[in-house]
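Work through the exercises below with the sequence and the model open. Try each task before reading its solution.

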Amino acid sequence: MSSRSSDNELLRELLTPPRRVGQGMACAKCAKFFRRIKSGVVVEEGMPTDRDQKEWGPYKLWRADLFECPQCKTQVIAGFAQHNFAEHYQDDYAEKRDKEPPIVTVNDCGGMKP
Ligand SMILES: [Zn+2]
């Protein structure tokens, strides 16, 4: 009896299209909607290696989408995957990074993290 309910929940989850993060973003300056110009770009998140946050090293590799304002060409990276696909302590981190070089390394401990 209770398994039917969880089957229905699973089915609903499988049939629901993935949430399109980033949909509806608009450029505040140009009043134009951002366009997704590339999906699945690689972004590296850095971590400070000293107390003053002057030196940074690799931390995590993320996939996200690249958006652009059609008018001013401002680019935004959004729609981060739910989980990173590599972390600095893993043996194959450098290999993964070399295979798909990040379009940017974000060295910033503040703000909204992925
Ligand atoms: Zn713009």
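**Exercise 1: a loop residue**

Gln53 is partly exposed because 14 other C-beta atoms lie within 10 Å; the cut-offs are 20 or more such atoms within 10 Å for buried, 12 or fewer for exposed, and partly exposed in between, with C-beta atoms placed from the backbone. This is a predicted model, in which local features need pLDDT of at least 70 and side-chain atom pairs count only at pLDDT 80 or more, while totals for chains, interfaces and linings use all residues. Residues are numbered from 1 along each chain as its sequence is written.

Task: Find where Gln53 lies and state its phi.

Solution:
- Step 1. Gln53 sits in the loop between β1 (35–48) and β2. Strands here are DSSP runs of E with at least two residues, numbered from the N terminus.
- Step 2. Its phi is positive, about 55°, although Gln53 is not a glycine.

**Exercise 2: the hairpin**

Task: Describe how β2 and β3 are joined, and classify Lys73 as buried or exposed.

Solution:
- Step 1. Strand β2 (residues 56–68) and strand β3 (residues 75–78) run antiparallel and are joined by four bridges. Two strands pair if DSSP finds at least two bridges between them.
- Step 2. One residue to locate in this pairing is Asp65, which stands opposite Ala78 in β3.
- Step 3. The two strands, β2 and β3, form a hairpin with six residues between them.
- Step 4. Lys73, in the loop between β2 and β3, has a positive phi of about 65° and is not a glycine.
- Step 5. Lys73 counts as exposed because 10 other C-beta atoms lie within 10 Å.

**Exercise 3: the surroundings of Val43**

Task: Place Val43 in its strand, follow that strand's pairings, and list the contacts of Val43.

Solution:
- Step 1. Val43 belongs to strand β1.
- Step 2. β1 pairs with β2 in the antiparallel sense over eleven bridges; there, Val41 has Ala64 in β2 as its bridge partner.
- Step 3. β1 is also joined to strand β5 (residues 104–106) by three bridges, and these two run parallel. Val43 stands opposite Val104 in β5.
- Step 4. Val43 is buried because 20 other C-beta atoms lie within 10 Å.
- Step 5. Leaving aside neighbours within four places in sequence, Val43 is in contact (C-beta atoms, placed from the backbone, within 7 Å) with Trp62, Ala64, Ile77, Pro102, Ile103, Val104 and Val106.
- Step 6. Val43 and Arg97 are 54 residues apart in sequence, and their C-alpha atoms are 9.7 Å apart in space.

Technical notes: Contact = placed C-beta atoms within 7 Å.
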